[in-house]
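Here are some notes for you to read with the structure open beside them. Please look up each residue as it is mentioned, and take the points in order.

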Protein chains: 2
Amino acid sequence: MPNIREIAKRAGVSVTTVSRVLNHHPYVKEEKRERVLNAMKELKYTRNIQAVHLAKGYSNMFGIVLPTIDHSYFSGLVTGIAEKAQACGMHFALFQTGYDPLKEKEALMSLNERRVDGLIFCSNALSDRDILKWQESGPIIFCHPTPHDDCSAVSIAHDQALKEGLHHLAACGHERIAIVLARTEGANSQTRLQAYQDMMQSLGQDIDEKWIIEGKLTLFDGKQLFTEWQGMKNRPTALLITNDNVSAGFLLEAQRHHIKVGESPAILSFQNEQLSEALGISSIEIPLKQMGQEAFDLYDRALKGDAPEKRVLPFRLIERATTVLQNNR
Amino acid sequence: MPNIREIAKRAGVSVTTVSRVLNHHPYVKEEKRERVLNAMKELKYTRNIQAVHLAKGYSNMFGIVLPTIDHSYFSGLVTGIAEKAQACGMHFALFQTGYDPLKEKEALMSLNERRVDGLIFCSNALSDRDILKWQESGPIIFCHPTPHDDCSAVSIAHDQALKEGLHHLAACGHERIAIVLARTEGANSQTRLQAYQDMMQSLGQDIDEKWIIEGKLTLFDGKQLFTEWQGMKNRPTALLITNDNVSAGFLLEAQRHHIKVGESPAILSFQNEQLSEALGISSIEIPLKQMGQEAFDLYDRALKGDAPEKRVLPFRLIERATTVLQNNR
DNA sequence: GTGAAAGCGCTAACAT
DNA sequence: ATGTTAGCGCTTTCAC
C-alpha cells in the first residue's frame, strides 16, 4: 500500500502536490498532474481515508438511529435518507436501539468520539432534551415534532393528522373510538393523547381507559390486538391505529375469524404503505421517503452551520374499505 | 477537545500511560490510573476514534451491501447481522445499490480506501468473481451459495429447497407450475432454473417459457403478477414464488378479484415472514436472522484469518392454505 | 505553482 | 511499570 510520499517520490514532486492532485486543487501544472496520476496508477495507489479523516477532522459519515430496521416505517425513512446521502457522497452507519436508552447512548458516544459527524434520530427513547445535550459534538436531527428550538426536525403534523383521522371516523358514524399507539413515548405520546382526549370530548364521548392501547408495532401485534379487542366488554366500534402493520394484522386476524363486516370495527391507519392499499385499509399517508430526504437535507444544512429549522410535511387521508359510513350504530 | 497529551500533562504521566489506561493495558499502577481517569473526567476527554483508526490501521467498521433496505428480506438479514455486530462493539455502514454495479463498486471502493474493514454482500449484481478481486483489501462474505472457494458464504440450500417446493406442488396434484424469481441473476439464477427444468422434466411436464417469470420483488409486483397470470393463455395451476411479498400481492389481488378458491392457482412462497403466516400462504422458511448472524460470524472469523467457510442453513416447508391437495385437475 | 514542515491524536516498539 | 519517540498517511499553512 503506497502512500503519497512514495507517489511524490515516483513522480518527482512534493507530497503537497500529490495532495493537491488528490483534492482537485486548481494550482497544479497539467504536466505534474499527469506525472502524479501516472505514478498513482503504476503503484496502484488508493488514499487512506482514515488519514484524511484525522487530518480534516471529519469523516463524511453520519449515523441513523432507530429502534429496528426490520419495520417498513423505518426502512422507508432510511431509504429516503440514503438516497440523498449517497448523492452527496456521504456514508452512514446504522444504530439499532430497540428503544434501549443505553444503545441510544452508544450512538451518542459514536458522535462524541467522532466516529460520525452527526446523527439522525428516527425515533428515540431518551428524551429529546437529553439527546440534544450532545449536540456540541455534531448536529442532531429528529424525525418527529419536537418543541426544542435548538435543533432541526422533520415530521408531519401528527396532532392535526390525528384529529383529522378522528373527525373522519366520527363522520362515518363512530363515537366509541380507540387509539392504538406504537409505544409509550414521553412528550409525543402526551400531546397525541391530549389531541385524542380533546377530540373525544368534543364528540361528547367518554373515554374508556382501555381504549388507549400502546406498544403495538408489528403485524403480529395487530393480530394480538384483535384478540384483545374481542375480549373487551366495552368494545370500541372504530380503531385509530398509528401503523399499517398493526392494522393489517388486526384486519387479517378478523378475516380469519370470519368476523362479519358489520361486526368488525372500522380501522383508520397511519403510514399508507403498499400493504394497506392491497388490503383496502383506510390510511393517513406519511411521506416517509420524502421525510428521509428532508431529514438528510436538514442534516446537511446543519453541518454547514445553517440555523435550526422545523419542517412539517403534508399528510393525506386515503379512504378505503375499512372506514365507511355506518348507519346501524 | 483535549487530547492525550494534555491528559498526560494534567495527570503528571506520559502519553503512553494515558494510552495504556485507555486501552485497559494491565501494566499501570492503580494510583496512576486513577490520576489519569480523574484528569480525563476533569477535562471531559473523549478519544478521537479517527486517530485510533489511523494508528491501528483498522476501524472496526464493516459494510453491508444490499439492493434496498426497504424490503423485509434484507431488513431481516441486516437485523441478524446487526445483533451480533453490536455485541462485538462493531459498527457498520449500509450501502444501497439498487443492483447498480456502479454503486456496488463504490462499496468496494470504500473497502479499498479502508473506510470499512470488510463487506457483507446480501445480494449483488456484479459477479461474485469480480467482487472477490477486492478481497485483498479485506474480507468479503456472501449470503448466497457461491462456487468460489476463496471466500465465506452462508445460505440455505436453494436448489434443494426449490426441488422440495416443486415436489410439494406436484404432490398436491400440480403439473403446470410456474416459477417466479426476484431478478435475473447470473450464476444463481441459472442453477435455480436448472433445478426447475430438471424437476419439471421428471414430472413429464413441458415448460411453457412464459412460466419462467423474473423481476418480481415487491407486494406491488405480486399484484401485477396476478394480472399477468390472468392474461396467460396457458395458465399454470401453481406458482413457486421466491418471495413472500410477491406471493402476498398476488393472493390479495386474487382475493380482490373474487377469484374462487378452485380457480386461484396454488402458491408456494419463500421466506415465511409474518405476512405469509397471516395470509395463510404456504412458504419455505428462510431463517433470515440466523443467516445474518452467521454472516457476521463468518466475517469475524475471516478478520481473524480463519479459512473460508461455507455454511448451509436448514429450511423448512410450512404448509398452509395456498397449497392443498387438488382432485379436479 | 511548488515545496518544506508542522501538525491531526493516537499507538506501539524500544529503552529504562 | 513507565517514558521517549517514531510513526500511521494525509492536509495545510507559510514561504518562496
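1. Please keep in mind throughout that this is a predicted model, and that what follows describes the model. I begin with the two DNA strands, then turn to one helix, and end with a single residue in a loop.

2. DNA strand D is surrounded by 24 residues, and the closest of them come from both protein chains, namely I4(A) and Y45(A) on one side of the list and T16(B), T17(B) and K29(B) on the other. Of the atoms of DNA strand D that come within 4 Å of the protein, 62% belong to sugar and phosphate.

3. Which individual atoms approach the backbone of DNA strand D can be followed through three examples. A polar backbone atom of K29(B) is 2.6 Å from a phosphate oxygen of the strand, and a polar backbone atom of N48(A) is 3.3 Å from a phosphate oxygen. K32(B), by contrast, uses its side chain, a polar atom of which lies 3.2 Å from a sugar or linking oxygen of DNA strand D. The elements that supply two or more residues to the surface near this strand are α1 (4-11), α2 (15-22) and α4 (49-56) of chain A, together with α2 (15-22) and α4 (49-56) of chain B. The largest share, 4 residues, comes from α2(B), and by class the surface near DNA strand D has 11 nonpolar, 8 polar and 5 charged residues.

4. DNA strand C is likewise surrounded by 24 residues, the closest being T16(A), T17(A), K29(A), I4(B) and Y45(B). Sugar and phosphate make up 61% of the atoms of DNA strand C that come within 4 Å of the protein. Bases are also reached, as an N or O atom in the side chain of T16(B) is 3.3 Å from a base nitrogen of DNA strand C. A backbone N or O atom of S14(A), on the other hand, lies 3.1 Å from a phosphate oxygen of DNA strand C. The largest share of the surface near DNA strand C, 4 residues, comes from α2(A).

5. For chain A, UniProt places the feature "domain: HTH lacI-type" at residues 2-56, in an unreviewed entry. Over residues 2-56 of chain A, the model is 69% helix and 0% strand, and the C-alpha atoms at the two ends are 20 Å apart.

6. Where do the buried residues of α2(B) sit around the helix axis? The residues in question are T17(B), V18(B) and V21(B), each of which is buried. Because they cover an arc of only 100° around the axis, they lie on the same side of α2(B). These buried residues pack against α1 (4-11) and α3 (30-43) of chain B. After α2(B) comes H24(B), which has a positive phi, near 55°.

7. My last point concerns V116(B), which is found in the loop between α6 (101-112) and β3 (119-121) of chain B. Is this loop residue buried or exposed? V116(B) counts as buried because its relative accessibility is 0%. Leaving aside neighbours within four places in sequence, V116(B) is in contact with several residues, including S59(B), M61(B), F62(B), F95(B) and L111(B). V116(B) and F92(B) are 24 residues apart in sequence, and their C-alpha atoms are 8.0 Å apart in space.

Methods. Residues numbered from 1 in each chain as written. Chains lettered and ligands numbered in written order. Predicted model: local features only at pLDDT ≥ 70, side-chain atom pairs only at ≥ 80, totals over all residues. Heavy atoms only, no water. Near = heavy atom within 4 Å. Polar contact = N/O pair within 3.5 Å; in protein donor to acceptor, adjacent residues only side chain to side chain. Nonpolar A, V, L, I, M, F, W, Y, C, P; charged D, E, K, R; others polar. UniProt positions renumbered as here; feature names shortened; annotations may be inferred. Buried < 20%, exposed > 50% of the residue type's maximum accessible area, 1.4 Å probe, protein only. Arc of directions from axis to C-beta. Contact = heavy atoms within 4.5 Å.
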